[in-house]
Amino acid sequence: MGSLVTLKRSHYRRFLRWYPPSWRDRYGEELLALIEDEWGTKAPSPRYRRAIARAGLRERAHATGLVGQGRGSATQLRSGSLVVLSAWTLFVLAGIGFQKTSEHFAQAVPLASRPTGQDAFNTVALFAVVSLVAVVLGVAATLPALATFLRSGGLRQVRRHVIRSVTGSALVVAGVVPLSLWAHHLSRYQRNGGDGAYSWAFVALALLVAATLASWTVTAAAVAQRLTLSHAVLRIEACLAFVVAGSMGAVTIATFLWWDTLATHASWFLQGSPIGRSSSSLSLTMVAIVSLMSVAVLFAMAGVVRISSSWRQFSSTPPDAVTGGALQS
Amino acid sequence: MTSSESSGLRRANDPPVLILTSLAGGAKHGHALLKDIESFAGVRLGAGALYGAITRLEERGLIEPLESDDRRRPYQITSAGTRALASVMTEMHDLAEIGASRLKLSWGVS
């Protein structure tokens, strides 16, 4: 009987993985005792498990300041900025797709319509650079805090994230080299879908790049949530988050304009058809790119709203206050 | 902003209101809270919802845990919690009075 209880307890304990560690330490045993009281030796229903999972994820969102007011305005501001950073990473993926799709587009558009397409493309490039500079400045502003974090042995807290990201990066490098060598032996037609094996390898590498980028974003967020940032740095991060989100919006609008120009004057270019052939303007690649951009912009807006909602309270706190990370132990 | 809003409490079936109402009758642990709430409100709270609400209420200082050697830790309402609950009850009472008078209900709320 004792072993059965132990078995059940270890089974129930799995429910706690949805909750943040600090919450588990404080309430975990109580929640397990309640589940035992409710279910005894029976297995909880799938609906009950889903409800626990949802509640655990809500607690994680609370712990990082993504929802609720309990963690204070500084944590909310930091979380809002990190949401914008994560959205920007997603946006970069769409941007890479756009960069590939738009290669040599100027030659495809008739001379009379070229300025419109070129202006839209230049706007995309300009705001992409603006957002990149803002992100670099944001990272640079946290460097002193990062150095302090590393000196105090903080790497141990995020070692799992770092190892996963570095492994992903190593796999990307290991994949890029042979794929590049392979590509050199292929014609342009083969590189653009004519060779099935190459296409699948390219898609696999693209997915690996996306996963690695996501992994680095999670690592950056995990580190950023543990840094002790001054009031001034948090304010800078929030302002830069606004710049990044605004730039993402501008890039998305300019991408739409570029697409419209190409769809009107050179739809064959979007489909990869022979020059001058009539084609549908509804390019699946562009639909995917613009959808991804729009989703990223929506995420960024959610981050901006989070920052805006906590800004007044944050501004009223003493400017010399130093704010510890949301996940500091 | 009303005092009930500032304490994060909303209306009748809101888990925090149900928990505070239950604790107003005495300290209880999680399972006892669920049973009591089900008996007086007919609401079956889930364990996740219960502990989410307990977390928020404790953060706001409206309830506090009691010392216990058992894993089933009991909670009691604090004086701030009592004030917040009283404020919600007053709002509900006022609302019920207006509704009852407009519906000309015989039971009336005095």
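Here a colleague asks a modeller how some labels were reached for this predicted model.

Colleague: Let's start with the overall picture. What makes up chain A in terms of helices and strands?

Modeller: Happy to! Chain A has eleven helices and two strands. Read from the N terminus, the order is α-α-α-α-α-α-α-α-β-α-α-α-β. Of its 329 residues, 41% are buried.

Colleague: Why is A:Thr142 called buried?

Modeller: The relative accessible area of A:Thr142 is 15%, and buried means under 20%, so A:Thr142 earns the label. The residue lies in helix α5 of chain A. Setting aside neighbours within four places in sequence, A:Thr142 is in contact with A:Leu227, A:Leu229 and A:Glu237.

Colleague: And A:Val129, why is that residue called partly exposed?

Modeller: A:Val129 has a relative accessible area of 49%. Exposed requires over 50% and buried requires under 20%, so a value of 49% falls in between and A:Val129 is partly exposed. A:Val129 also belongs to helix α5, which covers residues 114-151.

Colleague: Which residues form a nonpolar patch with A:Val129, and how do you know that A:Val129 has enough accessible area for one?

Modeller: The patch consists of A:Val129, A:Val133 and A:Leu137, with about 260 Å² of accessible area together. Patch residues need over 30% relative accessible area; A:Val129 has 49%, so A:Val129 passes that cut-off.

Colleague: Now the partner chain. What makes the pair B:Arg56 and A:Glu59 a salt bridge?

Modeller: Their closest N and O atoms are 2.9 Å apart. The rule asks for a side-chain nitrogen of Lys or Arg within 4 Å of a carboxyl oxygen of Asp or Glu, so this Arg and Glu pair qualifies. Between chain A and chain B the count is seven salt bridges.

Colleague: Which elements of chain A give two or more residues to the side that touches chain B?

Modeller: Those are α2 (21-39) and α3 (46-63). The largest share, twelve residues, comes from α2(A).

Colleague: How many residues does the contact take from each chain, and what is the area buried between them?

Modeller: The contact takes 20 residues from chain A and 19 residues from chain B. The buried area is about 1,700 Å², with 48% of it from carbon and sulfur atoms. Across this interface there are also 13 residue pairs in polar contact, both residues being at pLDDT 80 or more.

Conventions. Residues are numbered from 1 along each chain as its sequence is written. Chains are lettered from A and ligands numbered from 1 in the order in which they are written. This is a predicted model: local features need pLDDT of at least 70, side-chain atom pairs count only at pLDDT 80 or more; totals for chains, interfaces and linings use all residues. Side-chain values use heavy atoms; hydrogens and water are left out. Patches are made of residues with over 30% relative accessible area and no salt bridge: like charges are joined within 9 Å, nonpolar side chains (Val, Leu, Ile, Met, Phe, Trp, Tyr) within 5 Å. Accessible areas come from the Shrake-Rupley method with a 1.4 Å probe; for residues, only the protein chains shown count as cover. Helices (H or I, at least four residues) and strands (E, at least two) are DSSP runs, numbered from the N terminus. Buried means under 20% relative accessible area, exposed over 50%, partly exposed in between (1.4 Å probe, protein chains only). Contact means heavy atoms within 4.5 Å. Buried area is the accessible area (1.4 Å probe) that two parts lose on being put together, summed over both. A polar contact is a pair of N or O atoms within 3.5 Å; within protein, one must be able to donate a hydrogen and the other to accept it, and residues adjacent in sequence count only if both atoms are side-chain atoms.
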